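Here is a short tour of a protein model, starting from one annotated residue and then stepping back to the whole chain. Have a look at the sequence and the structure before reading on.

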Amino acid sequence: MAQFEEVSQKSAIHPKPVGLVLQYGTAGFRTNSKQLDHVMFRMGLLATLRSKKTKATIGVMVTASHNPEEDNGVKLVDPMGEMVTPAWEVYATQLANAEQEELLTALKDVIEREAISMAQEASVFVGKDTRPSSDSLSQAVLDGVHALGGHSKDYGLVTTPQLHYMVCCQNTQGRYGEATVKGYYRKLSQAFIQLTKNVPNRTDDQKALLVDGANGIGALKVCEMETYLKNELQLSLFNDGSSGKLNHLCGADYVKVQQRAPKGVEMTAGERCCSYDGDADRIVYYYSGSAGRFHLLDGDKIATLISTYLKELLTQAGLDLQIAVVQTAYANGSSTQYLEDTMKVWTHTLLSLSNTHMRSVLTSPPSSQVLFSKAAEKKIQKLAQDSNTNAERRRAALLLQNTVNLINQTVGDAISDMLLIEAVLAIRGMTVQQWDAIYTDLPNRQLKVKVADRRVIDTTDAERRTVSPAGLQEAIDSLVKKYRQARSFVRPSGTEDVVRVYAEADTQESADALAHEVSLAVYRLAGGVGEESKSL
């Protein structure tokens, strides 16, 4: 077939290094950008096949999120804007690792297994972040799409959530929104303005927010969006990419792990600040207390704020809808206790939230994604449009309706989350300190341990317990017993040869000591490399 001849010809331009093995994980493929040219070409091929199979537009995002600037990566986006289905993650790994002469065989194997009609039209949307390598790597994706006769739309520089949004808009024939970046800005900003317009006497201080753009794509895009917000939110942007390096001493991951403000951000006491990650699908908030103490408001605090707000509105609207909060093992123990005991909200711990397709009302802390079921949306819309209902119920329904429109339900979205948090704080008349005081986090610490091969760590129970190497879980258990209100777990990174260590306890000193002791156990039992970590 002519298509396969073109694949062979184009593949020669994007050759695979012999023996290189990569794994498609929760973050897609992610490694040093120099190793990814062949992977990008092949993901263009795979996205084209996925489009033919689903008879829908598929997305390909070139990004490595919070990784260092020299890395890059790629994620596939399914028709409703969700992560690609797990079975196709397996195909992605097989295709990426096929040696050059085996590529056509691997490709035909996918076509055969999925019974794909090659006559079917294919459509692929492609986006990229601001890394220096993203230009050539996104071109490799486009080469793959065109080699199999697929149609492509190159969105250029977009955040990961914007690409997910556009794919969903395209496949819902515009019901979810307009499949353009301007359409995204219009939908979110109009919802934000509708939510905040009835808040009395909002001062300039209450509208002011410091934003750390991680020197990435989020900085560019939030600048573009500012004009749409019509001064209802006044942003001071730091780490905008004009001088600093992507994710270096800044960004959400840096702030969360280091528990300090990013480089270049000078905070006055009580001033609200937030940080995006490199592709703007994650966000954390923080502020400086009166004594100069750093206060972090991460996904747990965000989930609690939003679920409290939604529960209040549902009660005011008289709507019988359930709220669930889905957490990962990293969720602070205090947040789970507050949600279950005080809020009476159902919580559930998942291994990973990348393939969470539950369509109930839920928030998922790592990226603070909020989802509404279609039934919930219909009930809210019906009540908002019912002129016979009383004023309080209708007001609550209208607030809920605009909240639905403000949320990017396809994936966690730093810009959407920021606008939602700002709207909720305004509507509830809350300061950042009052938000922080909803519950008190147990002191915690995250560390990284470099290892020769992260695959020696195998986990179970939503990544909260290790199965291998032998003796590691027993060591963690005995260390945890030394401290009050303590827990600790370790998990391999999905993108680099490091093991992440999490610990919490009744005091920061205890949490730090426990994290350090567990990291030494990981170093000794899981093949640590370099120097052992020093106590904090």
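## The annotated serine

Ser 65 carries the annotation "active site" in UniProt, where the entry is unreviewed. Bear in mind as you explore that this is a predicted model. Along the chain, Ser 65 belongs to the loop that links strand E2 (57-62) with strand E3 (71-77).

Is Ser 65 buried or exposed? Its relative accessibility is 2%, so Ser 65 counts as buried, because the cut-off for buried is under 20%. Which residues does Ser 65 touch, once those up to four places away in sequence are set aside? Several are acidic by name: Asp 129, Asp 277, Asp 279 and Asp 281. Arg 30, Arg 131, Asn 247 and Gly 278 complete the list of its partners.

## Asp 78, on the other side of E3

Follow the chain through strand E3 and you come to Asp 78, in the loop between E3 and helix H3 (86-97). Asp 78 has a relative accessible area of 4%, and is therefore buried.

With neighbours within four places in sequence left aside, Asp 78 is in contact with Arg 50 and Ile 58. Its other contacts are Met 83, Val 84, Thr 85 and Val 167.

## The C-terminal domain in the record

UniProt, again in an unreviewed entry, lists residues 467-519 as "domain: Alpha-D-phosphohexomutase C-terminal". In the model, this stretch is 40% helix and 28% strand. The C-alpha atoms at its two ends are 17 Å apart.

## The whole protein

Now for the wider view. The protein has 18 helices and 19 strands. Its C-alpha atoms occupy a box of roughly 65 × 60 × 45 Å along the principal axes. For 536 residues, a compact globule would be expected to have a radius of gyration near 24 Å, and the 23 Å of this protein agrees with that.

How much of the chain is buried? Of the 536 residues, 59% count as buried. Among contacts with a separation of 6 or more, 71% are between residues 24 or more positions apart.

## Surface and charge

The accessible surface of the protein is about 22,000 Å², and carbon and sulfur atoms contribute 49% of it. As for charge, the protein has 58 positive and 63 negative charges. The mean positions of these two groups are 4 Å apart.

Terms used:
Residues numbered from 1 in each chain as written. Predicted model: local features only at pLDDT ≥ 70, side-chain atom pairs only at ≥ 80, totals over all residues. Heavy atoms only, no water. Helix = DSSP H or I, 4+ residues; strand = E, 2+ residues; numbered from the N terminus. Rg over C-alpha atoms; globule rule 2.2 N^0.38 Å. Buried < 20%, exposed > 50% of the residue type's maximum accessible area, 1.4 Å probe, protein only. Contact = heavy atoms within 4.5 Å. Areas by Shrake-Rupley, 256 points an atom, 1.4 Å probe, with all protein chains shown as cover. Lys, Arg positive; Asp, Glu negative; His and termini not counted. Charge placed at Lys NZ, Arg CZ, Asp CG, Glu CD. UniProt positions renumbered as here; feature names shortened; annotations may be inferred.
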